[in-house]
Amino acid sequence: MVGIALEQHGPWAIVAGASEGIGEAFARQLHDAGFGVVLVSRRKDTLDALAASIVASAMSSGSSGSAAASGPGTTPNAAAERCRVVALDLTAHDAVEQLVAATADLDVGLVVYNAGADTMAVRFHDRTIDEVMHLLSLNVVTPTRLCHHFGRLMRGRGRGGIILVGSMAGLAGTGWVATYAATKAFDQILAEGLWRELRRDGVDAMALVAGATATPAHDRMGARITAEYPPMDPAAVAREGLAAIGSGPVWVAGAANRAVFDALHTVSRVDLIEQMTAGTQLLFDLSD
Ligand SMILES: NC(=O)c1ccc[n+]([C@@H]2O[C@H](COP(=O)([O-])OP(=O)(O)OC[C@H]3O[C@@H](n4cnc5c(N)ncnc54)[C@H](OP(=O)(O)O)[C@@H]3O)[C@@H](O)[C@H]2O)c1
């Protein structure tokens, strides 16, 4: 089945990096679809305001989330009950333990790992090693731990979904954002491998590769808006990701980005993953 579905990916979704931009759009769209949403990022006030806004728009549209019959969303306060704020720093060494504790009573069927933009474009050796390692914590260590914990629970249940937000910068080594590009390559490759391993268990893993997107972080980084490469609307990126889950290991947001992605790959990603997996199975005498 292609596309987000409460029975396959619900009833609760964690959105890591939810307070603005693409993450905010994911949270709003998932709540509209009847999911309970766990809003995660550092700024509690911003998350509280987002939760209030999500609830207000659900009330005004009359969507109580009654579709979530077996989970959250079955009472008059359903909209509010389907929002939980968890303020934490995803680079903390115990970030995943904090998140697991804060969601221990919830049936988490979807993890969207969205946090991860770089803060500046600067040469690798003009950054401190702490800045470099910070990005590794945010984009490699924590998403890996999250996928391990929640993906294993999903595998046990035989349903679920994982979306790791990647970047066009991760398609090749990229100067001035060398670490960022490398971490985004890691996220895409991890999602691809999980897609291959988990598909027989009914769990959809996917990398959502974004190109320039008009988020507050994009502005803060000082990115220019050019006619050749206009940024996408964050809501469109999230919408494409939710529509594409279950379709394959990678979805590239936006037709222009897809054209670049396709031009870089002469072998389809699915064929490549199958060939790499078959080689590994042959080497180690493995089978599905
Ligand atoms: N914008 C683009 O042009 C673009 C292009 C390609 C790919 N992407 C990808 O799209 C995703 C979203 O990017 P974005 O532009 O919206 O910027 P972002 O800086 O990744 O912000 C997204 C969210 O992450 C949260 N966040 C950042 N660091 C965090 C931390 N240490 N702990 C907890 N939460 C944290 C932010 O909230 P708080 O500040 O409240 O913590 C915010 O809600 C990223 O993975 C990025 O790599 C973006």
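Visitor: How do I read polar contacts with the ligand, and which N or O atom of N114 lies 2.6 Å from an oxygen atom of the ligand?

Guide: A polar contact is a pair of N or O atoms within 3.5 Å; within protein, one must be able to donate a hydrogen and the other to accept it, and residues adjacent in sequence count only if both atoms are side-chain atoms. For N114 it's a backbone N or O atom, 2.6 Å from that ligand oxygen. The protein buries 94% of the 850 Å² that the ligand exposes when taken alone (accessible areas by the Shrake-Rupley method, 1.4 Å probe; for residues, only the protein chains shown count as cover). Bear in mind that this is a predicted model: local features need pLDDT of at least 70, side-chain atom pairs count only at pLDDT 80 or more, and totals for chains, interfaces and linings use all residues. Residues are numbered from 1 along each chain as its sequence is written, and side-chain values use heavy atoms, with hydrogens and water left out.

Visitor: What do S19 and L90 add?

Guide: S19 uses its side chain, placing an N or O atom 2.6 Å from a ligand oxygen. L90 uses its backbone, with an N or O atom 2.8 Å from a nitrogen atom of the ligand.

Visitor: How many residues surround the ligand?

Guide: A residue counts if one of its heavy atoms lies within 4 Å. Here that gives 29, and the closest are S19, N114, Y180, K184 and T215. By class, the shell has 12 nonpolar, 12 polar and five charged residues (nonpolar: Ala, Val, Leu, Ile, Met, Phe, Trp, Tyr, Cys, Pro; charged: Asp, Glu, Lys, Arg; polar: the others, Gly among them).

Visitor: Which element gives the most to the shell around the ligand?

Guide: Elements are DSSP runs numbered from the N terminus: helices are H or I, at least four residues, and strands E, at least two. β5 gives the most, three residues. β5 (160-167), α7 (178-198) and α8 (216-220) each supply at least two.

Visitor: And how do α7 and α11 pack?

Guide: Their axes, lines fitted to C-alpha atoms over the stretch in contact, sit 11 Å apart at an angle of about 70° (angles run from 0 to 180 degrees between N-to-C directions). So α7 is roughly perpendicular to α11 (65 to 115 degrees; under 35 is roughly parallel, over 145 roughly antiparallel, the rest oblique). Among the residues in contact (heavy atoms within 4.5 Å) are W195 and R196 of α7 and R269 and V270 of α11.

Visitor: Where is W176 found?

Guide: Most residues other than glycine have a negative phi, and most peptide bonds are trans. W176, in the loop between β5 and α7, has a positive phi of about 75°. A cis peptide bond joins G10 and P11, with omega about 0°.
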